Amino acid sequence: MEMQEIPDVDPQETQEWLDALDSVIRHEGAERAQYLLEQLVEKARRNGAYLPFSATTAYCNTILAGQEERSPGDHEIEDRIRAYVRWNAMAMVVRANKHTNVGGHIASFASAATLYDVGYNHFWRAPSDNFGGDMVFVQGHSAPGVYARAFLLGRLSQEQMDNFRQEVDGKGLSSYPHPWLMPDFWQFPTVSMGLGPLMAIYQARFMRYLRDREIIQPRGRKVWAFMGDGEMDEPESLGAISLAGREKLDNLVFVINCNLQRLDGPVRGNSKIIQELESNFRGAGWNVIKVIWGGYWDTLFARDTKGLLMKRLEECVDGEFQTFKSKDGAYVRKHFFGKYPELLELVSTMSDDDIWRLNRGGHDPHKVYAAYAAAMKHSGQPTVILAKTIKGYGMGEAGESQNITHQQKKMGTSSIKTFRDRFNVPVPDEQLEDVPYLKFEEGSPELTYMRERRAALGGYLPARRQKAAPLEVPPLSAFDALLKASGEGREMSTTMAFVRILTTLVRDKKIGKFVVPIVPDESRTFGMEGMFRQLGIYSHVGQLYTPQDAEQLMFYKEDKKGQILEEGINEAGAMSSWIAAATSYSTHGIPMIPFYIYYSMFGFQRIGDLAWAAGDMRARGFLLGGTAGRTTLNGEGLQHEDGHSHLQAATIPNCISYDPTYAYELAVIVQDGMRRMYQDQEDVYYYITVMNENYEHPAMPAGAEASILKGMYLLREGKAKKGAPKVQLLGSGTILREVIAGAELLEKEYGVSADIWSVTSFNELRRNGLDVQRWNMLHPEQPPRLSHIEECLKDRDGPVIAATDYMKLFADQVRAFIPGRKFFALGTDGFGRSDTREKLRGFFEVNRHYVTVAALKSLADEELVPQSTVAAAIVKYGIDPEKPNPTTV
Ligand SMILES: Cc1ncc(C[n+]2csc(CCOP(=O)(O)OP(=O)(O)O)c2C)c(N)n1
Ligand SMILES: [Mg+2]
């Protein structure tokens, strides 16, 4: 039964209990009252009462008026600073949209200004020589407010401000936080809703991991993450809060700006977003601090002895709260207080203006300060601050609390005038049209104050470290065993080769401890369970139980100093851990070397937006798409068999991707990746597919390293007699082996000489090809350059046939760089399905027979063999020409 449904059968008894409680609160404090209540509830439960946990508290501030820690700041100066920041944030958007249509947001920062200001003035510490600094995730579309403050501090010029959202000609400012575009300023890209909260949780956890492994010192650093209330509807926003609660990440603070609106309208018009979020977070083990009402309400609450005001606040839904703030004091008097005569009486001495001044918690710097101070001190839990604000605060008729406000990027002169008057900033009437930026003069108390506050907190924010001390990367010879032939009958998969590489790396004296293996509950799939014992699985509390397999050599070992991040079935979380590790060079000044290995189908396809953000963040690390290939992962069927992750990898400009076949290729690629990312500190990351098919691995051809890295090298020269027709066969991943078998058929059965090329990266070949093509276009009078693929094929005759375990488009992307001859791409378009590798390769038409037929057909089209030879081969290999196209079945 819900509380409201239980009738009060004895009001006098009720009152006695309430009075008793009142007296405890008054004489012994709230904490004692809480203790007594918990004892009572516990006792009742033990005696059989059904009292489920209620995760929500009353619709009032968590910190009572008398218990707020007071800000030591100069409030008048801070008010003026905030007014200038507000004005400049509005001005930069309005000015940018006077002559362009580049857009921008005013209303969101207008609601959040106080939340940021208090943080910058009093809480967020910049990195310095002996302190790593706090990490602040700024809400993406509140960026103008952050620029506005940086401008006041002289960190940004007026020219930059005027180039808000106009980046192409340089000296512009990004629409949203983008480390790629402003690499010394922004740390975390946040504007894709939901990614900020998720990544922040894993940054906090990774900070804890580094501390537990004694790689960084415990210094009380915090991760602060700002987000909108609408943003909380993204599954990513709430998806990892239980992890933060479970792991007691008290280095994490969420600030949710509850302005009750999102883009189109109310977030929870029919209920209350703050109450809903409170129960979600409390249920997940967080410390919840609600900052709902500003100081002007305190006296009213004090006089609300019967709890009627509280009742009225409880019964109002967010849709009404929004409407109130789009009207005026008279409306609020009539429609809010007017519901009960006692409440009208409560405000009878207040003017309409007084009523209008009753502020919301998120706009009251004292309440915000108190909440932040409490969050800083709280230990044993992450904290979420739920701050109630007004969207478009100060915009008046141009948008305050209006449904259209999110996209309001222009303001008429009269609205600008209202804004000026509301925040009392010195802009003369005749200049209003211009919306000039405001600055504090050199030597003014405000500028001095701003600088002093930041100096006391270690320096300016946001700020991003671009380089760390380089690592000493092991030479290729460290992987010597993999560069040699595996030996007659000694088969292995590239996944096994990868595990060997990883094992070598974690044992390396110089860099071993910086390696971070990450898996989402798939270690056994990849044969990595041996590492459990050797490296340990990270757990902040160690291992509190005897593992079931304790007797075994490779038991499941959890350890406070564990090196492996075993993320459970959580690709988004694992990717966020990878991002935290891959950006550690910047956020901690310590380059970490993450290897995240996962089912390739659940990579880019599943967490593509995080992979995009990782590119923006200049992440450095390795992603390993395991059990890759549409036909190589046999048996698992349609959902698991990946034939497109490489195409998705190609969409990320700084993601370097490879589809190697042999152990030595993998070793060369990983070693060079380490050199590029950790020695030379290039801002790239790697995606490498590894497979689970076992086969023998040859020795590395002498001098192949450079071409392996460029994406293609000659594996074997055609052997057929002089004058024989020639073909060039290209293959990658496991399908290279079908290509090799096809070459043998062509030579033995058709007298065709086939050169075999191992293509380690069609993606890199294309990038290089496009780059060269572009250069040639722009340098018409200079000798044309050749791309790597052109260089490889220029002296080699015959049509080109390329085959991979991915969609045809993957190999087809190099077609433009094979001019003047036949090019045929084989690939695995269509939905995967379960069967053996052999059957699947026949079905998808990528096996040796199809390689042979495609080669013969290309030769026939050039009249080098008769078409009848192709027809005969089709019959010979038992291929049904009327077989449906695999994409259609
Ligand atoms: C994944 C994603 N979907 C949609 C958007 C577009 N978008 C930007 S802001 C916004 C509304 C945000 O509302 P809220 O989180 O409440 O923030 P507020 O502006 O109210 O502070 C939307 C839909 C986006 N940036 N990312
Ligand atoms: Mg909102």
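# Briefing: a metal site, a ligand shell and a parallel sheet

E863 sits out in the open, with a relative accessible area of 72%, which makes this residue exposed. E863 also has a positive phi of about 60 degrees, although it is not a glycine. Keep in mind that what you're looking at is a predicted model. Besides that backbone oddity, the points below cover a magnesium ion held by three protein residues, a ligand with 18 residues around it and an open sheet of six strands.

**Magnesium site (ligand 2)**

- Three residues supply the protein donors for the magnesium ion: D229 through OD, N259 through OD1 and Q261 through its O atom.
- These donors lie 2.0 to 2.1 Å from the ion.
- Along the chain, the donor residues follow the spacing D-x29-N-x1-Q.
- D229 comes from the loop between β2 (223-228) and α8 (235-239), while Q261 comes from the loop between β3 (252-258) and α10 (273-283), so this pair ties together parts that are 32 residues apart in sequence.
- D229 is buried, at a relative accessible area of 1%.
- Q261 is buried as well, and its relative accessible area is also 1%.

**Ligand 1 and its surroundings**

- Ligand 1 is surrounded by 18 residues, and the closest are S108, H141, D229, G230 and K391.
- D229 therefore turns up twice in this briefing, as it is one of the magnesium donors and is listed among the residues closest to ligand 1, and its burial at 1% applies here too.
- How is the shell around ligand 1 split by class? It holds 10 polar, five charged and three nonpolar residues.
- An N or O atom in the side chain of S108 is 2.5 Å from an oxygen atom of ligand 1.
- V191 uses its backbone instead: one of its backbone N or O atoms lies 2.8 Å from a nitrogen atom of the ligand.
- N259 has a polar side-chain atom 2.9 Å from an oxygen atom of ligand 1, and the N259 side chain also provides the OD1 donor to the magnesium ion.
- On its own, ligand 1 has 590 Å² of accessible area, and the protein covers 76% of that.

**The six-stranded sheet**

- The open sheet runs in the order β9-β6-β10-β11-β13-β12, with parallel pairing.
- β9 (565-566) and β12 (655-658) are the edge strands, each with a single partner, so one side of each has no neighbour in the sheet.
- Strand β6 (residues 515-519) runs parallel to β10 (residues 593-599), and four bridges join them.
- Between these two strands, V516 has P594 as its bridge partner, and I518 is matched with Y596.
- On to β11 (residues 622-626): five bridges join this strand to β10, again in parallel.
- Y596 stands opposite L623 in β11, and Y598 has G625 as its bridge partner there.
- Y596 thus links in both directions, to I518 and to L623.

**How covered are the middle strands?**

- β10 is mostly covered, with seven of its seven residues buried.
- β11 is mostly covered too, with five of its five residues buried.
- In a regular strand, side chains alternate between the two faces of the sheet.
- Which residues of β11 are on each side? F622, L624 and G626 are on one side, L623 and G625 are on the other, and both faces are covered.

**Backbone features worth a look**

- L461 and P462 are joined by a cis peptide bond, with omega about -5 degrees.
- P462 belongs to the loop between α19 (445-456) and α20 (480-483).
- S401 is not a glycine, yet it has a positive phi of about 60 degrees.
- You'll find S401 in the loop between β5 (383-388) and α18 (413-423).
- Is S401 buried or exposed? At 3% relative accessibility, S401 counts as buried.
- E863, from the lead above, is in the loop between α34 (848-861) and α35 (867-876).

**A side-chain contact in α3**

- N97 is part of helix α3 (residues 75-99).
- Its side chain reaches the backbone oxygen of V93 at 2.8 Å.
- N97 is buried, with 3% relative accessibility.

How values were computed
Residues are numbered from 1 along each chain as its sequence is written. Chains are lettered from A and ligands numbered from 1 in the order in which they are written. This is a predicted model: local features need pLDDT of at least 70, side-chain atom pairs count only at pLDDT 80 or more; totals for chains, interfaces and linings use all residues. Side-chain values use heavy atoms; hydrogens and water are left out. Donors are N, O and S atoms within 2.8 Å of the metal (3.2 Å for Na, K and Ca); water is not among the atoms, so sites may look incomplete. Buried means under 20% relative accessible area, exposed over 50%, partly exposed in between (1.4 Å probe, protein chains only). A residue is near a molecule or strand if one of its heavy atoms lies within 4 Å of it. A polar contact is a pair of N or O atoms within 3.5 Å; within protein, one must be able to donate a hydrogen and the other to accept it, and residues adjacent in sequence count only if both atoms are side-chain atoms. Accessible areas come from the Shrake-Rupley method with a 1.4 Å probe; for residues, only the protein chains shown count as cover. Ala, Val, Leu, Ile, Met, Phe, Trp, Tyr, Cys and Pro count as nonpolar, Asp, Glu, Lys and Arg as charged, and the others, Gly among them, as polar. Two strands pair if DSSP finds at least two bridges between them.
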